[in-house]
Amino acid sequence: MGFKILLLNGPNLNMLGIRDPAVYGTDSLETIVKDLKQYAAERNVELRDFQSNHEGAIVDAIHDAYKWADGIVLNAGALTHYSIALRDAIAAVKLPVVEAHLSNVHAREEFRHKSVIAPVCLGVCAGFGRWSYFAGLQALLWNLENKK
Ligand code: DQA
């Protein structure tokens, strides 16, 4: 096996497909995760996934990833905009993290323009719907490849 990556989704992302489909699309999280796992497997990458609506559980998953993962693709949902705990967790583990959003947060309400996690992330993929996850994963893999 090649790299091991954690796909981490925060609050309300379990509601994909039902929640505001005009903004977030009609695919469920399960479908996206299944397709992303296939994309990963084709590249010899082990992709594990976790979703929680609870900030502490997301922090725990980041701490746990320190023990096994090479990097994280993270859609933190609304936590993106205010969770200093999440930012500190990312900074603590020093793993490369790609911030992903289905929607273009900069084209939406002003409170979504600010990401408190962006300064401790490798980069951001936003606005490409389900493809933000794929682009984020691919960018993370390129980063890891170039470090070898
Ligand atoms: C989101 C954007 C956030 O502002 C929002 O709170 C979400 C989803 C996205 O994927 O576009 O829950 O992270």
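**Exercise 1. Which polar backbone atom is 2.8 Å from an oxygen atom of the ligand, and which polar side-chain atoms lie 2.8 Å from an oxygen atom of the ligand?**

Solution. In this predicted model, begin with the backbone, where a polar atom of Leu102 is 2.8 Å from an oxygen atom of the ligand. Turn next to the side chains: a polar side-chain atom of Asn75 lies 2.8 Å from an oxygen atom of the ligand, and a polar side-chain atom of His101 also lies 2.8 Å from a ligand oxygen atom. Finally, place these residues in their setting, since Asn75, His101 and Leu102 are among the residues that surround the ligand, a list including also Arg19, Tyr24, His81 and Arg112.

**Exercise 2. Determine how helix α3 and helix α4 are oriented to each other, and describe their contact.**

Solution. Take the geometry first: α3 (residues 55-68) and α4 (residues 84-93) pack at an angle of about 5 degrees, with their axes 9 Å apart. Angles under 35 degrees count as roughly parallel, and α3 and α4 are therefore roughly parallel to each other. By class, their contact has nine nonpolar, one polar and one charged residues. On the α3 side Glu55, Ile58, Val59, Ile62, His63 and Tyr66 take part, meeting Ala85, Leu86, Ala89, Ile90 and Val93 in α4.

**Exercise 3. Work out how helix α2 passes helix α5, and which residues meet.**

Solution. The axes of α2 (residues 29-42) and α5 (residues 131-147) come within 10 Å and cross at roughly 30 degrees, and the two helices are therefore roughly parallel to each other. The crossing is right-handed. In the contact, Leu29, Ile32, Asp35, Leu36, Tyr39 and Ala40 of α2 meet Tyr133, Phe134, Leu137 and Gln138 of α5, which by class gives eight nonpolar, one polar and one charged residues.

Key:
Residues numbered from 1 in each chain as written. Predicted model: local features only at pLDDT ≥ 70, side-chain atom pairs only at ≥ 80, totals over all residues. Heavy atoms only, no water. Axes fitted to C-alpha atoms, helices over the stretch in contact; angles between N-to-C directions. Helix = DSSP H or I, 4+ residues; strand = E, 2+ residues; numbered from the N terminus. Parallel < 35°, antiparallel > 145°, perpendicular 65-115°, else oblique. Left-handed = near helix turned anticlockwise from the far one by under 90°. Contact = heavy atoms within 4.5 Å. Nonpolar A, V, L, I, M, F, W, Y, C, P; charged D, E, K, R; others polar. Near = heavy atom within 4 Å. Polar contact = N/O pair within 3.5 Å; in protein donor to acceptor, adjacent residues only side chain to side chain.
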